[in-house]
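Work through the exercises below with the sequence and the structure side by side, and try each task before reading its solution.

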Amino acid sequence: MEQNLTEPKKRIFSGVQPSGNITLGNYLGAIKNWVSLQDDYECIFAMMDLHTITVRQTPAELRKRTLELLALYIACGIDPQKSTLFIQSHNSAHAELAWVLNCYTYMGELQRMTQFKDKSSRHADNINAGLFTYPVLMASDILLYQTDLVPVGKDQMQHIEICRDVAQRFNGLYGDVFKIPEGLLVKSGAKVMSLTEPTKKMSKSDPNPKAFISMMDDFNVIAKKIKSAVTDSEGVIEFRPEDDAKAGINNLLTIMAAMTGSTPETVAKDFEGQGYGTFKGAVADAVVEAIRPIREEYDRIIKDKAYLQSIYTSGAENAYRIAQRTLKKVYKKVGFIIE
Ligand code: TYM
C-alpha cells in the first residue's frame, strides 16, 4: 500500500446506501477496509441516498438513517479530517453525470445486472426506471472523482465492471475523460453470508432479522444470533469454501478471520477438535468486542447534530469542487456550451 511521496495520492471512492440496518457484512466487506486505507489514499465516502429511492422509503426514516450512517462511519474510524464525507444528494453533479451516461449505456447491459433481476422480482409492484438505471448513477458516483480504487464487497463487482465498460466507451469516443477505476476486495469478509441461510449473502433488507447482524443490535442479541447460526451436523471445524454443506461454518470462520485479521484456514486450525458451541461462543465474543467501542463512539457522536452537519456541509463543498472539474469536461466533450 505504500506510495511514492512525490506522487499525488491515489483516490478512493465508496459508499453505503442508508436504506436499512447497517450490517456486519457492510462493516467487514466495506467500512472496516476504508478505515485502513485512509492514510495511504485520498478518500471520499458518501451516504448514497439517491440510490435508496429506487425502492420506496419513508422520508423521515431516510433522513434519520442518513445522519445515523454518517455517525456510524465516523464511529467506525473514518476520520473527517482525513477523508471527505458527504451526502450524495448534496452534490448535484451525480444526477447530472448520470443523465449523460444514461445516453452511453445500453439497455442490454443493464438487463443483465443481477441486482436488477433480483430487486425487480422482490419489488414486482415497483419496477421503476431508476431501479433499471441504478448502475449508471453508481458509475457516475465513481467516475466524477477520477477514482482509482473502489473498496466494496463482492456483490458490487458487477457494478464496477459496467462502470469500467461505460467509461471506456466514453473515453473511446472523446479521449481520456475518465480514469478507469478498479474494485478492491478485502481478503476475508468480501461476502459475509446470512446466518440462517448461509448460501445467501447477509443483507440489510432480509425480512428475517436473525439472518443478519445489525451494527445497532443489542450485544446479547448479537451473541444469540451467532450462537443460533445455521451450521451442519458433521461437527468438524474445517474451511471448505467449495462445499455448500459447510456454508455455515465457512461463514463463521470467515467472520472470525475478518475480525481478527487472520485467515479462515488459520482460525479453523486454532479451533480444530473443538465443538461448534465453543467456536460459536468465541465468534460471538469477538464480534461483540469489536462492535462495543464503535457503539460507544456512535452514541456520543449521534447526539451532536451540529458537528455532523458541519462534516457533511464541508464534505459536500469539497466533493462538488472535485466533481465539477469532471462534469465540465464531459459537458464540453458532448457539445454543451459551458460558459
Ligand atoms: P450497499 O449499501 O448494499 O452495501 C454497502 C457496502 O457493503 C458491502 N456489503 C457486503 N460486503 C460483504 N458481505 C456482505 N454480506 C455485504 N453486504 C453488503 C457492499 O458490497 C458495499 O461495498 N450500490 C452500492 C452503493 C453505492 C456505491 C456507489 C458503492 C452507490 N454508489 C459507488 C461504491 C461506489 C450498494 O448498494 O451498497
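**Exercise 1.** Find how far a polar side-chain atom of Tyr-134 lies from a nitrogen atom of the ligand, and then look for polar contacts of other side chains with the ligand, a polar contact being a pair of N or O atoms within 3.5 Å.

*Solution.* Start at Tyr-134, where a polar side-chain atom lies 2.6 Å from a nitrogen atom of the ligand. Next, go to Asp-155, which has a polar side-chain atom 2.5 Å from an oxygen atom of the ligand. Then turn to Gln-17, where an N or O atom of the side chain is 2.8 Å from a ligand oxygen atom. Finally, consider cover: the ligand taken alone exposes 710 Å², and the protein buries 97% of that, with accessible areas computed by the Shrake-Rupley method with a 1.4 Å probe and, for residues, only the protein chains shown counting as cover. This is a predicted model, in which local features need pLDDT of at least 70 and side-chain atom pairs count only at pLDDT 80 or more, while totals for chains, interfaces and linings use all residues. Residues are numbered from 1 along each chain as its sequence is written, and side-chain values use heavy atoms, with hydrogens and water left out.

**Exercise 2.** Determine which helices and strand each supply at least two residues of the shell around the ligand.

*Solution.* Reading along the chain, one meets strand S1 (11–16), helix H1 (24–37) and helix H7 (129–143), each of which supplies at least two shell residues; helices (H or I, at least four residues) and strands (E, at least two) are DSSP runs numbered from the N terminus.

**Exercise 3.** Locate Gln-146 and describe its phi.

*Solution.* Follow the chain to the loop between H7 and strand S4 (149–151), where Gln-146 is found. Gln-146 is not a glycine, and yet its phi is positive, at about 50°.

Notes:
A polar contact is a pair of N or O atoms within 3.5 Å; within protein, one must be able to donate a hydrogen and the other to accept it, and residues adjacent in sequence count only if both atoms are side-chain atoms.
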